[in-house]
Amino acid sequence: MSALLDVEDPVPGQYTLEVSSPGLERPLRTPEHFAPYAGEKVFIEMAQPVEGRRRFQGVLAAAGGRTIEVEVDGRRHVLPIDGIRKAHLAPDI
């Protein structure tokens with residue numbers, strides 16, 4: 001990539017090319033972030049309790065519109081995306 005950028009020279013002067021990744025525990029914030037990861041393990045922390053709990057770690061069963069569904073211990077929980085304080089992938093390492 002660096003050689004191609006040197007030939008095309010889109011940036012005048014010297015530059016440093018850095019490539020980064022959100023990593024294994026990729027943060028999830030918008031409905032568009034959740035949808036591609038249906039079937040993956042996730043960790044969700046709600047701002048306010050839902051069904052008596054704030055933390056959910058399980059499989060993202062569905063994502064659409066303004067809610068997601070997380071399956072924890074065989075039970076599905078419907079969570080409003082607007083109420084999520086923190087969410088990320090939680091892969092088995």
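**Exercise 1. Classify His88 as buried or exposed, and list its contacts.**

Solution. This is a predicted model. Start with the accessibility. His88 has a relative accessible area of 16%. The cut-off for buried is under 20%. His88 therefore counts as buried. Next, place the residue: His88 lies in strand 5. Now collect the contacts, leaving aside neighbours within four places in sequence. Glu25, Arg26, Pro27 and Leu28 touch His88. So do Val42 and Phe43.

**Exercise 2. Work out the strand order of the sheet and name its edge strands.**

Solution. Five strands make up an open sheet. Their order is 4-3-2-1-5, with antiparallel pairing. The edges are strand 4 (75-80) and strand 5 (84-89), since each pairs on one side only. On average, neighbouring strands are turned by 40° against each other, direction ignored.

**Exercise 3. Trace the pairing of strand 1 with strand 2 and with strand 5.**

Solution. Take strand 2 to begin with. Strand 1 (residues 41-50) and strand 2 (residues 53-64) run antiparallel and are joined by six bridges. Ile44 has Phe56 as its bridge partner in strand 2. Val50 has Arg53. Then look at the turn. The two strands form a hairpin with two residues between them. Glu51, in that turn, has a positive phi of about 55°.

Now turn to strand 5. Five bridges join it to strand 1, again antiparallel. Here Met46 has Ile84 as its bridge partner.

**Exercise 4. Describe the surroundings of Val70.**

Solution. Locate the residue: Val70 is in strand 3 (residues 67-72). Check its accessibility. The value is 0%, so Val70 is buried. List contacts beyond four places in sequence. Among them are Val42, Ile44, Phe56, Val59 and Leu79. Arg75, Arg76 and His77 are also in contact with Val70. Finally, compare sequence and space for one pair. Val70 and Phe43 are 27 residues apart in sequence, and their C-alpha atoms are 9.2 Å apart.

**Exercise 5. Find how many salt bridges the model has, and say which parts of the chain the Asp92–Lys41 and Arg66–Asp82 pairs link.**

Solution. The cut-off is a side-chain nitrogen of Lys or Arg within 4 Å of a carboxyl oxygen of Asp or Glu. The count comes to eight salt bridges.

Take Asp92 and Lys41. Their side chains meet at 3.0 Å, N to O. Asp92 sits in the segment after strand 5 and Lys41 in strand 1, so the pair ties together parts 51 residues apart in sequence. Asp92 is exposed at 64% relative accessible area. Lys41 is partly exposed at 37%.

Take Arg66 and Asp82. The closest N and O atoms are 3.2 Å apart. Arg66 is in the loop between strand 2 and strand 3, and Asp82 in the loop between strand 4 and strand 5. The two are 16 residues apart. Both are exposed.

**Exercise 6. Give the exposure class of each partner in the Arg76–Glu69 salt bridge, then name the members of the salt-bridge network.**

Solution. Arg76 and Glu69 have their closest N and O atoms 2.9 Å apart. Arg76 is partly exposed, at 46%. Glu69 is partly exposed too, at 23%. For the network, follow shared partners: Glu45, Arg54, Arg55 and Arg85 are joined into one.

**Exercise 7. Identify the nonpolar surface patch that includes Tyr15.**

Solution. Place Tyr15: the loop between helix 1 (2-8) and helix 2 (31-34) holds it. Tyr15 is partly exposed, with a relative accessible area of 31%. Patch residues need over 30%. Val11, Leu17 and Val19 complete the patch with Tyr15. Together the four have about 360 Å² of accessible area.

Note on methods:
Residues are numbered from 1 along each chain as its sequence is written. This is a predicted model: local features need pLDDT of at least 70, side-chain atom pairs count only at pLDDT 80 or more; totals for chains, interfaces and linings use all residues. Side-chain values use heavy atoms; hydrogens and water are left out. Patches are made of residues with over 30% relative accessible area and no salt bridge: like charges are joined within 9 Å, nonpolar side chains (Val, Leu, Ile, Met, Phe, Trp, Tyr) within 5 Å. Accessible areas come from the Shrake-Rupley method with a 1.4 Å probe; for residues, only the protein chains shown count as cover. Helices (H or I, at least four residues) and strands (E, at least two) are DSSP runs, numbered from the N terminus. Buried means under 20% relative accessible area, exposed over 50%, partly exposed in between (1.4 Å probe, protein chains only). Contact means heavy atoms within 4.5 Å. Two strands pair if DSSP finds at least two bridges between them. Axes are lines fitted to C-alpha atoms, for helices over the stretch in contact, and angles run from 0 to 180 degrees between N-to-C directions.
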